[in-house]
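Open the model in your viewer and keep the selection box handy. We'll go from spot to spot, picking residues as we go.

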Amino acid sequence: MRGQPPIPLPETIQVEYEPYQESTQLARYIQDYPRSFTRNPSQPLIRRPLTLSERTGPIALERRLAIDGEDISSKEPGGPRAIGQFIAVTGRVMDEDGAPLARAVIEIWQANSAGKYVHELDRHQAPIDSNFTGLGRFVTGAEGQYKFLSIKPGAYPVMESDWWWRPPHIHFSIFGPSWMNRYVTQIFFPGEPLNETDLLLNAVQDPEARDRLIFETTPTTVGAVNLLTFRRDFVLRGKRSTPALD
Ligand SMILES: [Fe+2]
């Protein structure tokens, strides 16, 4: 507010954020993907100083959200499970120095096993699963860890660009301690043939950065619940940061 002394910030968030390396991020303009041209600024970006609104973020969300993860493989706890391959997705969220980020907010959304989203704009002619919303929201635990149960999503066509097909993927939005840590991305499944032709995944130039967008497999076991487990750690910023993909 004008005339008010500036509010002192806690030491831990008095940090400078390194700019992203372009080669590790999604290309701004993707040939054959017209949406990339309308979603991005046509003028050069202007640098401006960070203020309190970028250096802070939502707090105490653990009062309202589940800690560590949740089960979205059914619509209600204990309800019938959605159709498809039962999976667990696990990992850790870290800051750019590799320190775990407790209470980072993770939001996920995904298609069902037939490649259909519960969304009015989804025009894919595939069935809705009445036991599946594909939506989740929770916070990481004390060591930055998370784990959620779900169903492996199916591939789906993009209704433009000659019926380009998206490989199976899960969308993630992650909030660290400040809005500057927030990013949105998509994580893909290993060994999927459609990964080779996906316009978004392949619009990240750096091959190592692309690898950070693919789940790791974990040893398979048969136990009380039979599920396939995939792992993905996230680094919110810095040299090893997970690329943003929207
Ligand atoms: Fe998607």
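**Stop one: a closed cavity**

Start by selecting Gln110, Asn112, Lys116, Tyr117, Val118, Asp129, Phe132 and Thr133, which line the largest cavity. Bear in mind throughout that you're looking at a predicted model. The volume of this largest cavity is about 40 Å³, and the count of cavities of 30 Å³ or more comes to one. Colour the lining by class and you should get three nonpolar, three polar and two charged residues.

**Stop two: the iron ion**

Keep Tyr117 selected, since this cavity-lining residue is also one of the residues that coordinate the iron ion. Which atoms hold the iron ion? Add Tyr156, His169 and His171 to the selection: the two tyrosines each bring their OH and the two histidines each bring their NE2, at 1.9 to 2.2 Å.

Now check the angles among the four donor atoms. They run from 91 to 155 degrees, and the site is classed as irregular. For a tetrahedral site, all angles would have to lie between 85 and 135 degrees.

Along the sequence, the donor residues follow the spacing Y-x38-Y-x12-H-x1-H. Tyrosine 117 sits in the loop between β3 (105-109) and β4 (135-139), while histidine 169 belongs to strand β8 (residues 169-175), so this pair ties together parts that are 52 residues apart in sequence. Are tyrosine 117 and histidine 169 buried or exposed? Both are buried.

**Stop three: the pocket with Tyr117 and Tyr156**

Stay with Tyr117 and Tyr156, then add Arg35, Leu121 and Asp122. Of the 28 residues lining the second largest pocket, these five lie nearest its centre. The pocket holds about 770 Å³ of space.

To see where the walls come from, colour α1 (35-39), β6 (156-158), β7 (164-166) and β9: these are the elements that give two or more residues to the lining. Which of them gives the largest share? That is β6, with three residues. By class, the pocket lining has 13 nonpolar, eight polar and seven charged residues.

**Stop four: the sheet**

Switch to cartoon view and pick out β1, β4, β3, β8 and β9. In that order, the five strands form an open sheet with mixed pairing. Its edges are β1 (66-67) and β9 (183-188), each of which pairs on one side only. β9 is also one of the elements you coloured for the pocket, and β8 is the strand that carries histidine 169.

Zoom in on the β1 edge. Strands β1 and β4 run parallel and are joined by two bridges. Select isoleucine 67 and you'll find valine 139 of β4 standing opposite.

**Stop five: two positive phi values**

Move on to aspartate 68, in the loop between β1 and β2 (86-94). Its phi is near 85 degrees, a positive value in a residue other than glycine. How much of aspartate 68 is accessible? Its relative accessibility is 31%, so aspartate 68 counts as partly exposed.

For the last pick, go to the loop between β2 and β3 and select arginine 103. Here too phi is positive in a residue other than glycine, this time near 65 degrees. With 33% relative accessibility, arginine 103 counts as partly exposed.

How values were computed. Residues numbered from 1 in each chain as written. Predicted model: local features only at pLDDT ≥ 70, side-chain atom pairs only at ≥ 80, totals over all residues. Heavy atoms only, no water. Donors = N, O, S within 2.8 Å, 3.2 Å for Na, K, Ca; no water. Tetrahedral: all angles 85-135°; square planar, octahedral: opposite > 155°, others 65-115°. Helix = DSSP H or I, 4+ residues; strand = E, 2+ residues; numbered from the N terminus. Buried < 20%, exposed > 50% of the residue type's maximum accessible area, 1.4 Å probe, protein only. 1 Å grid on protein atoms, 1.4 Å probe; cavity = no way out; pocket = protein on both sides within 12 Å on 5 of 7 lines; lining within 4 Å. Points joined across faces, edges and corners; volume = space filled by probe spheres on them. Nonpolar A, V, L, I, M, F, W, Y, C, P; charged D, E, K, R; others polar. Pairing = 2+ DSSP bridges.
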